[in-house]
Amino acid sequence: MKTVATMLAVALAAAFAAAQPARTVAVAPFWDLSTDGALVDADRLNVELSSLLAATGRFRVVSAHLVAHAMRSLGSFPAQLFHPARAREVREAVGADWLVVGRWTHLASTADGEFDAGLPRRGGGGAVAVLDVWVWERANPRPRYEATFDAFRPAVLGTLSLKDAAEEVLRKAAAALGRL
């Protein structure tokens, strides 16, 4: 009887531990280097990525507003968070295990299919979204994770195509981060 109760207690403890989100994650406002990012509020799409990460159930996600407030009080800008010392300051200020930072290198919508050099030509035009993502973690001077995510949408709805491409990029990023 004693062993059954012990096994049950261990199983319940393991199930409870598995049900709890493993990490606290903060997503900083994104650095926007794109041409059309203002059309979709690119620097604020971190709020959407935060929601997608929270929906996985694998993370405790720090409010994007709290992260932005911490950055303002520290005098930090999104571009500075690619430096380990600045990223550490923000991560520690919000009490996160991970700080996710990103930069939109391309958010472009064209009618003729001509995009920046280095991107494939697409007949008929459309929207291209490209986001670099880094994850900084405690006690690591190098990013734990670095990846680039991209998406293309045909030019059928103008700005809506651009927003849709950006949202697809965020879904890809959330899926990848959920597997870490």
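**Exercise 1. Strand E1 and its partners**

Which residue in E3 is the bridge partner of threonine 24? Place E1 among its neighbours and state how enclosed it is.

*Solution.* This is a predicted model: local features need pLDDT of at least 70, side-chain atom pairs count only at pLDDT 80 or more, and totals for chains, interfaces and linings use all residues. Residues are numbered from 1 along each chain as its sequence is written, and side-chain values use heavy atoms, with hydrogens and water left out.

Step 1. Fix the elements. Helices (H or I, at least four residues) and strands (E, at least two) are DSSP runs, numbered from the N terminus.

Step 2. Find the partner. Threonine 24 bridges to arginine 60 in E3.

Step 3. Check the pairing. Two strands pair if DSSP finds at least two bridges between them. E1 and E3 (residues 59–61) run parallel and are joined by 3 bridges.

Step 4. Turn to E4 (residues 98–110). E1 pairs with E4 in the parallel sense, again over 3 bridges. Here valine 27 has valine 100 as its bridge partner.

Step 5. Judge burial. Buried means under 20% relative accessible area, exposed over 50%, partly exposed in between (1.4 Å probe, protein chains only). In E1 (residues 23–27), 4 of the 5 residues are buried, so the strand is largely enclosed by the rest of the structure.

**Exercise 2. The nonpolar cores**

Which element gives the most residues to the largest nonpolar core?

*Solution.* Step 1. Define the set. A nonpolar core holds buried Ala, Val, Leu, Ile, Met, Phe, Trp, Tyr and Cys residues joined through side-chain atoms within 4.5 Å.

Step 2. Find the hubs. The largest core has 31 residues; among those touching the most other members are Phe30, Val100 and Trp104.

Step 3. List the contributors. E1, H2 (46–56), E4, E5 (126–137), E6 (145–154) and H5 (159–178) give two or more residues each. H5 gives the most, with 9 residues.

Step 4. Look beyond it. A second, separate core of 16 residues includes Ala70, Phe82, Ala96 and Leu99.

**Exercise 3. Glycine 75**

Is glycine 75 buried, exposed or partly exposed? Describe its setting.

*Solution.* Step 1. Locate the residue. Glycine 75 lies in the loop between H3 and H4.

Step 2. Read the accessibility. Its relative accessible area is 36%, so glycine 75 is partly exposed.

Step 3. List contacts (heavy atoms within 4.5 Å). Leaving out residues up to four places away in sequence, glycine 75 touches Gln80 and Arg86.
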